[in-house]
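Grab a viewer and a notepad, and let's work through a few exercises. Try each task yourself before you read the solution.

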There are 2 protein chains.
Amino acid sequence: MSGRAVTITEVARHAGVAVSTVSYVLSGKRAISADTRRRVLDSVRTLGYHPNAGARALASRRANVIALVLPLRVGMHVPVLMQFATSVVTAARQYDHDVLLLTADEGPDGIRRAAASALVDGLVLMDVELHDTRVPLLRDLAEPSVLIGFPADTAGLTCVDLDFARAGALCVEHLAQHGHREVALLGAPAVVYERGTGFASRTWEGFTEAAAAHGLTGVALPCEETFEQVAAAVGELLDARPGLTALVVHNEAAVNHVLGALRQHGRRVPQDIEVVAICPDDIAERSSPALTSVLIPAEEVGRQAVRLLMDKLEGRTVPEGTLLRPRLTVRDSTAASGR
Amino acid sequence: MSGRAVTITEVARHAGVAVSTVSYVLSGKRAISADTRRRVLDSVRTLGYHPNAGARALASRRANVIALVLPLRVGMHVPVLMQFATSVVTAARQYDHDVLLLTADEGPDGIRRAAASALVDGLVLMDVELHDTRVPLLRDLAEPSVLIGFPADTAGLTCVDLDFARAGALCVEHLAQHGHREVALLGAPAVVYERGTGFASRTWEGFTEAAAAHGLTGVALPCEETFEQVAAAVGELLDARPGLTALVVHNEAAVNHVLGALRQHGRRVPQDIEVVAICPDDIAERSSPALTSVLIPAEEVGRQAVRLLMDKLEGRTVPEGTLLRPRLTVRDSTAASGR
DNA sequence: CCCCATTGTCGAAGCGCTTCGACGCTCTCA
DNA sequence: TGAGAGCGTCGAAGCGCTTCGACAATGGGG
């Protein structure tokens, strides 16, 4: 039971210097002689001093905390969100910031409250919709923010994301190289498209355009997430398009159901049909066969988001949009090179 | 762009009262006449006042923030963690607290830092191991804490969790009622047991003891999470135990692979073999067939953890261990009533 | 050799809030 | 009718930190 906490005053007394000197040693905002610095740091260590966060925030007008706003909605793949979240926390710590977790139940009010009370210095928002209700709020907030994902109108905002259009195209190109002439995209559940979730639509568009550009027949379909529905959809698709030889799956929750359904319909992967997924690596590796995939670089997205936010906090100007280049990893599900 | 934030002084001036009066209206810690209260609240509303969190924390020695410590380790099922996390946030908000997210990369130092700097008033820890390195730290921290999960020695701690032993037993009892004589448990990956994760072991024990108590032959096995490994394990199990007619699966990531493997081995569920899972409802419902399951009541666990923490913050004494009763939901995978 | 710039340190003034003690009222009851 | 008990409000003293201006002490250039 550590009694009352050690204050900067006690450190100053112990080191035989003024309180302000201790503060300057710790912040490095003024030159301090090597000797004094050493004495102060020794005292800090022996007393086990930790600056009081509230006092620091009050005096410096900086909380050293950023908010991570993650609404949890239907159709989002949770593990990916979690990867974003942890990478945001890790990156924030590297800038000596902590992360406050805000969820959807409070709605925009929660954001406003956290910002207005100076609880946080800035915000990172995840799972952004094309027409997100939080966006107008962000625009008239004094605190800077960064969005993971792109809304329809990015004017005045800062957004980061994987270049999903490119990702969709990349899958098509890979399949085109393998000689396929007819390909299909199994995407997110219909509700996700209806809601206007940017990354789903952009993948769809990237897929469609690339298919056209490479002279392939490409069909894109939403894809639900129960085994039954997936199996039915896959069955219909195989019946309707006998020439179909390759599949792009952009739905983490359904990807294993798709493989199960193909198995059930007697199609071997990759011999009868090749499959490319857009999903985290662990899912791709854990599937059977292991899936050629474009991964969501969650760790990098989170890191970039924090970096951009820190830049804004320092008053630097940052680009409105930052798109990360997708990379495709070839695994067993498209192992047959050429056909 | 809201300029500088509104302070309590401005509210006081606007309402024509003293600063302390505004404070008392807002905290309710002293009686205030109905008239004054109304005037103050009006001013608060028209000026859009939000108390400065840092100043409040400094003066009241209460940050109104709790830490949520979630190490992310191999073998943990992420969506469940996320459910815990959101329910903790929601519950905390109901007590007017916010949630600071702490992850593993800083290790115990992160916990110590957040506590010592008065960033947080208390802690909720998730994913607790039997011999968790964070536990000794918690014992000599001035700040109260609550663990989600039980370490080996709970003395001086406060722990909440689903009663996993009971959950394991419940599955066995359900299967016993259905007339099964030989049952198996497919559990977590081996590494989880080796690490000494309490809930996995306790389910295992509950399963084993209940099987013995009901005179069933019960075998328990770890279960990896790639389709290949699961399929192999299931195959061996079916070969080794021809009399096996029921399965308990306690592994969210593997549960669909298990169903896939049974399908592959020509076993129909529930006609040839019945399956009970311990997993979130959404997974159980999304499987084919829908699985009879004992769900992890993540929402309730999170809520209880916060409630206990708030009780401790108020100085109330709370029980060392709180075990939540599991409930079994019957679905299609054990629909055949009796055999 | 003197002046001025630089370096290192200090003291004090807040930052915006909570909380304590004080004080003037208005009632109540003897 | 006067003492005592609330009730409602105020002023002021911090909470622990950052930061600004001041000021010795030192050193370099004219």
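Here are five exercises with worked solutions, all on a predicted model.

**Exercise 1: the DNA strand D surface**

Find which residues come nearest to DNA strand D, and which polar contacts reach its phosphate oxygens.

Step 1. Start with the neighbourhood: 28 residues lie around DNA strand D, and A:Ile8, A:Tyr24, A:Arg30, B:Thr21 and B:Thr36 come nearest. Looking at the DNA side, sugar and phosphate make up 57% of the atoms of DNA strand D that come within 4 Å of the protein.

Step 2. Now go for the phosphate oxygens. A backbone N or O atom of A:Ile8 sits 2.3 Å from one of them, and for a backbone N or O atom of A:Asn52 the distance to a phosphate oxygen is 3.1 Å. A:Arg56 uses its side chain instead, with a polar atom 3.1 Å from a phosphate oxygen.

Step 3. Ask where the surface comes from. Helix 2 (19-27) and helix 4 (53-60) of chain A, plus helix 2 (19-27) and helix 4 (53-60) of chain B, each supply at least two residues of the surface near DNA strand D.

**Exercise 2: the DNA strand C surface**

Now do the same job for DNA strand C, and work out which helix gives the most residues to the surface near it.

Step 1. Here 30 residues surround the strand, the closest being A:Thr21, A:Thr36, B:Ile8, B:Tyr24 and B:Arg30. Of the atoms of DNA strand C within 4 Å of the protein, 57% are sugar or phosphate, and bases make up the rest.

Step 2. Check the polar contacts. A polar backbone atom of B:Ile8 is 2.3 Å from a phosphate oxygen of DNA strand C, and a backbone N or O atom of B:Asn52 is 3.1 Å from a phosphate oxygen. For a base contact, try A:Ser20: a polar atom of its side chain lies 3.1 Å from a base oxygen of DNA strand C.

Step 3. Helix 2 and helix 4 of both chain A and chain B each put at least two residues into this surface. The top contributor is helix 4 of chain B, with five residues.

**Exercise 3: the nonpolar cores**

Pick out the residues that touch the most other members of the largest nonpolar core, then list the contacts of A:Phe84.

Step 1. The largest core has 100 residues, and the winners are A:Ile66, A:Phe84, B:Ile66 and B:Phe84.

Step 2. Leave out residues up to four places away in sequence, and A:Phe84 touches A:Met126, A:Ile148, A:Ile296, A:Ala298, A:Val301 and A:Gly302.

Step 3. Don't stop there: a second, separate core has 48 residues, including A:Ala57, A:Ala67, B:Leu138 and B:Leu157.

**Exercise 4: a helix check**

Compare the span of helix 10 of chain B with the expected value.

Step 1. Helix 10 covers residues 198-213, so 16 residues at 1.5 Å a residue give an expected span of 22 Å.

Step 2. From first C-alpha to last, the helix reaches 22 Å, close to that expectation.

Step 3. Its buried residues include B:Arg202, B:Gly206 and B:Phe207. After the helix comes B:Gly215, with a positive phi near 70 degrees.

**Exercise 5: a loop aspartate**

Is B:Asp272 buried or partly exposed?

Step 1. Locate B:Asp272 in the loop between helix 12 (255-264) and strand 9 (274-278) of chain B.

Step 2. Its relative accessibility is 26%, so B:Asp272 counts as partly exposed.

Step 3. For its surroundings, a polar side-chain atom of B:Asp272 lies 2.6 Å from the backbone nitrogen of B:Arg268.

How values were computed:
Residues are numbered from 1 along each chain as its sequence is written. Chains are lettered from A and ligands numbered from 1 in the order in which they are written. This is a predicted model: local features need pLDDT of at least 70, side-chain atom pairs count only at pLDDT 80 or more; totals for chains, interfaces and linings use all residues. Side-chain values use heavy atoms; hydrogens and water are left out. A nonpolar core is a set of buried Ala, Val, Leu, Ile, Met, Phe, Trp, Tyr and Cys residues joined through side-chain atoms within 4.5 Å. Buried means under 20% relative accessible area, exposed over 50%, partly exposed in between (1.4 Å probe, protein chains only). Contact means heavy atoms within 4.5 Å. Helices (H or I, at least four residues) and strands (E, at least two) are DSSP runs, numbered from the N terminus. A residue is near a molecule or strand if one of its heavy atoms lies within 4 Å of it. A polar contact is a pair of N or O atoms within 3.5 Å; within protein, one must be able to donate a hydrogen and the other to accept it, and residues adjacent in sequence count only if both atoms are side-chain atoms.
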